[in-house]
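Subject: A structure for you to look at

Hi,

Here is the structure I promised to pass on. Have a look at it first, then read my notes below.

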Amino acid sequence: RHYFQEGHTNLLSDLYGFKYLPGILENSDFAEGLRAWDSLPAEEGSLRATNIQGYGQRPQVRWKAQDRSAGDSVCIFRRSGLAPNAMRQTLRNLQTGKTYLLLFSVSDLADVKAGKGEPRRFVFHASFSNAEPLPQRSSVHVDRRTGRQFTVGSAWPRLNVHRILFRAKAPTASLTLKDWPESGVPGAEAPVGHELLVNYVQVKPYFED
């Protein structure tokens, strides 16, 4: 409609402030280690960046770009009994009052190594300062794909994909990722030493009519 019916020649994306690289979050895939993130480990060695060959292709099934290693870089959270591990970064170039989507992927390191495919919810949490989360419009998707390579008992680890909407209160906000639930009380389903992989962290404007 913008181009053919109304005859505009300017980019529709410019009208809504959408950009391929919006400049909100840096080093979102941990391809540059922990650069741009404030690392707050609960104890020595409980937070680290690494590469896992093939992780971007399976289980994430990323588009086969020229760089086939895309998605292989991750941050590993090793559960501590002392305190949560946390990664924090300042989000920039936000528009006050506008809604944004935070998206990231979580999986179990032991599952990735063993090639398991059991769908389940992992204990992980994201929080904000200077921004209003919208929990009624947010969700955590537990990967339950079936068929083809995702048959029961297949060698494809399963993901949790966090999809969190929030409204900016200012041009900057703080994002914190933690491996404890929101209440701060460890869950029985996540014992000490449990290791989770996190990557594919992205923040982008959310279109609303």
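A term you will need straight away: a residue is called buried when its relative accessible area is under 20%, exposed when that area is over 50%, and partly exposed in between. With that in hand, 42% of the 209 residues of the protein chain count as buried. Please keep in mind that this is a predicted model.

**The overall layout**

The protein chain contains two helices and eleven strands. If you walk along from the N terminus, the order of the elements is α-β-β-β-β-β-α-β-β-β-β-β-β. Take the contacts in the protein chain with a separation of 6 or more: 81% of them come from residues 24 or more positions apart. On the outside, the chain exposes about 11700 Å², and carbon and sulfur atoms supply 51% of that area.

**Empty space**

Rolling a probe the size of a water molecule over the atoms shows where empty space is left. The largest pocket holds about 640 Å³ of space. It is lined by 20 residues, and the closest to its centre are Tyr 20, Leu 21, Pro 22, Ser 28 and Gln 202. Sorted by class, that lining has eleven nonpolar, four polar and five charged residues.

What about closed-off space? The count comes to one cavity of 30 Å³ or more, and the largest cavity has about 30 Å³ of space in it. Around this cavity you will find Phe 77, Arg 79, Val 123, Asp 179, Ala 190, His 194 and Leu 196. By class, they make four nonpolar, one polar and two charged residues.

**Aromatic rings**

How many aromatic pairs does a search of the whole structure find? The search gives five. Ring pairs also tie Phe 77, Phe 104 and Phe 124 into a cluster, and Phe 77 is one of the residues that line the largest cavity.

**A closer look at Phe 128**

Phe 128 sits in strand S6, which covers residues 125-129. Is Phe 128 buried or exposed? Its relative accessibility is 17%, so Phe 128 counts as buried, as the cut-off for that is under 20%. Leaving out residues up to four places away in sequence, Phe 128 touches Leu 91, Leu 102, Pro 133, Ile 164, Phe 166, Ser 174 and Leu 175. You can also try a distance: Phe 128 and Gln 89 are 39 residues apart along the chain, and their C-alpha atoms are separated by 10.0 Å.

**Two asparagines with a positive phi**

Most residues other than glycine have a negative phi. Which way does Asn 93 go, positive or negative? Asn 93 is not a glycine, yet its phi is positive, at about 60 degrees. You will find Asn 93 in the loop between strand S4 (86-91) and strand S5 (99-108). With a relative accessible area of 53%, Asn 93 is exposed, because the cut-off for that word is over 50%.

Asn 130 also has a positive phi, near 65 degrees. Asn 130 belongs to the loop between S6 and strand S7 (131-133). At 39% relative accessibility, Asn 130 counts as partly exposed, because that value falls between the two cut-offs, under 20% for buried and over 50% for exposed.

Happy exploring!

Notes:
Residues are numbered from 1 along each chain as its sequence is written. This is a predicted model: local features need pLDDT of at least 70, side-chain atom pairs count only at pLDDT 80 or more; totals for chains, interfaces and linings use all residues. Side-chain values use heavy atoms; hydrogens and water are left out. On a 1 Å grid over the protein atoms alone, a cavity is a set of points where a 1.4 Å probe fits but cannot get out, and a pocket is an open set with protein on both sides within 12 Å along at least five of seven lines; lining residues have an atom within 4 Å of a point. Grid points are joined across faces, edges and corners, and a volume is the space filled by probe spheres set on the points. Ala, Val, Leu, Ile, Met, Phe, Trp, Tyr, Cys and Pro count as nonpolar, Asp, Glu, Lys and Arg as charged, and the others, Gly among them, as polar. Helices (H or I, at least four residues) and strands (E, at least two) are DSSP runs, numbered from the N terminus. Buried means under 20% relative accessible area, exposed over 50%, partly exposed in between (1.4 Å probe, protein chains only). Contact means heavy atoms within 4.5 Å. Accessible areas come from the Shrake-Rupley method with a 1.4 Å probe; for residues, only the protein chains shown count as cover. Rings of Phe, Tyr and Trp (its six-membered ring) pair if their centres lie within 6.5 Å; planes under 30 degrees apart count as stacked, over 60 as edge-to-face and the rest as tilted.
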